[in-house]
Amino acid sequence: MRAVLGTLALAAGLAACLMGVSVLALGLRRGDPRLLRAGRRFVFAAAAGAVVAVGAMEWALVTHDFSLAYVARNGSRSTPLLYTVASLWGALEGSILLWLLVLMGYLTFVVRAFRHRASEPVVAWATLAGLVIAAFFFGLVLGPANPFERVAGAVPLDGPGPNPLLQNHPLMAVHPPMLYLGYVGFTIPFAFAVGALVTGRVDDAWASDTRRAAVVAWSFLTAGIILGREGIRSAYATGRGLVKVRARAHVEEYRKDREAILTIHERCFALPRSRRGWGRAGLASAGQEHYIGLAGSTPVAVGALRI
């Protein structure tokens, strides 16, 4: 049920975006203010689709619906509720879904704020550009990054849980959404820049129209970096998660099975200071993936340590 609900909501959102683009394009071509005002209403329909889809995914995560592949890969019955909710943005498909929700929130704000200027060409072009971007993301989560795909075969009874780095500190659960609010917010200045270029309004009027959105996006981005600082520091202090390291090394000998014995002679700077001592010696044996590459003529040991 959750998969069907989420998929239908995404399909409805994509349809609303495409219809909005068509109506706005026709209104701009004909210079018809009624079509331009009508086109903005499709933003609200697409936003509703994004909200329902995110709600369906959170419903599946909280109720541990392991019939969905995304929940099976990122959910767990033992995970606290906060991090279960945060699992939505713990992997690629859910992150794109959250990105889409934030994007539709910004577009809804724009069409609401500029409702009295909906028939102006710059605003109409900006709305059209925003809907094109939204249609791309709706298509993405309906196709190659679909979070509502079902598990192939037997449904598991439990899952591995979200990324351990998301569970090191409560702020790590807030950090990604804050960054998304910052990154996605710059879609609005971009959309108005497109409208200004298409209409030939190269003065600073469009910039003043989007100054508030730019400041809000910049503020969220700054807040996300600050909030994530403590979580990242905690991740390095506790040593949870997967840390990839590189170190200069030389090969002492090759075995018959083509594995190499390495002597690492330079500190692995990616490791926390307290763990570098054993990390240097244990890279070749403890690495989940370890191999030898060349940086110029210098052998480089590359590994992934779970510390």
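# A walk through the predicted fold

Y180 has a relative accessible area of 16% and counts as buried, because the limit for that label is under 20%. This residue is a convenient place to enter the structure, which is a predicted model. The overall layout comes first, and the text then returns to Y180 and its surroundings.

The chain contains 12 helices and four strands. It has 307 residues, of which 46% count as buried. Taking contacts between residues at least 6 apart in sequence, 71% of them join residues at least 24 apart.

Confidence varies along the model. The average pLDDT of the chain is 79, and 74% of the residues score at least 70. Over residues 241–245 the pLDDT stays under 50, and the model gives this stretch 26 contacts beyond four places in sequence. Residues 266–307 also have a pLDDT below 50, with 96 contacts in the model beyond near neighbours in sequence.

The aromatic rings are the next topic. How many aromatic pairs does the structure hold? There are five. One of them joins W99 and Y180: their ring centres are 5.4 Å apart and their planes meet at 65°, so the pair is edge-to-face, since an angle over 60 degrees earns that name. W99 belongs to helix 6 (residues 92–113) and Y180 to helix 8 (residues 170–185), so this pair links distant parts of the chain, 81 residues apart. W99 is partly exposed, at 25% relative accessible area, whereas Y180 counts as buried at 16%.

A further pair is formed by F114 and F192. Their ring centres lie 5.1 Å apart with the planes at 45°, so this pair is tilted. F114 sits in the loop between helix 6 and helix 7 (121–142), F192 sits in helix 9 (residues 187–199), and the two are 78 residues apart, which again links distant parts of the chain. F114 counts as buried, with a relative accessibility of 12%. F192 counts as buried too, at 1%.

Ring pairs also build a cluster, made of W99, F136, F137 and Y180. Another ring, that of W59, has a charge placed over it: the charged end of R2 sits 4.5 Å from the ring centre.

From the rings the path leads to the nonpolar interior. Nonpolar side chains tend to be buried together in soluble globular proteins. In this model the largest nonpolar core has 63 residues, and those with the most contacts inside it are L10, M57, L100, M104, F138, F148 and F192. Several helices supply at least two residues each, among them helix 1 (2–30), helix 3 (41–62), helix 4 (69–74) and helix 5 (81–86). Which helix gives the largest share of this core? Helix 7 does, with 13 residues.

Two leucines show how such a core is put together. L10 lies in helix 1 and is buried, with a relative accessible area of 0%. Apart from neighbours within four places in sequence, L10 is in contact with A53, L97, L100, F138, V141, L142 and F148. The distance in space from L10 to N146 is 9.7 Å, C-alpha to C-alpha, although 136 residues separate them in sequence. L100, set apart from its own neighbours within four places, is in contact with L10, A50, A134, F137, F138 and V141. F137 therefore appears both among the contacts of L100 and in the ring cluster with W99 and Y180.

Two histidines complete the tour. H175 lies in helix 8. Is H175 buried or exposed? It is buried, with a relative accessible area of 13%. Not counting residues up to four places away in sequence, H175 touches G224, I225 and G228. With G224 the approach can be given in detail: a polar atom of the H175 side chain lies 2.6 Å from the backbone oxygen of G224.

H64 is found in the loop between helix 3 and helix 4. At 19% relative accessibility, H64 counts as buried, because the cut-off is under 20%. Most residues other than glycine have a negative phi. H64 instead has a phi near 55°, a positive value in a residue other than glycine.

Key. Residues numbered from 1 in each chain as written. Predicted model: local features only at pLDDT ≥ 70, side-chain atom pairs only at ≥ 80, totals over all residues. Heavy atoms only, no water. Phe/Tyr/Trp six-rings, centres within 6.5 Å; stacked < 30°, edge-to-face > 60°. Buried < 20%, exposed > 50% of the residue type's maximum accessible area, 1.4 Å probe, protein only. Lys NZ or Arg CZ within 6 Å of the ring centre and 35° of its normal. Core = buried A, V, L, I, M, F, W, Y, C linked by side-chain atoms within 4.5 Å. Contact = heavy atoms within 4.5 Å. pLDDT = per-residue confidence, 0-100. Polar contact = N/O pair within 3.5 Å; in protein donor to acceptor, adjacent residues only side chain to side chain.
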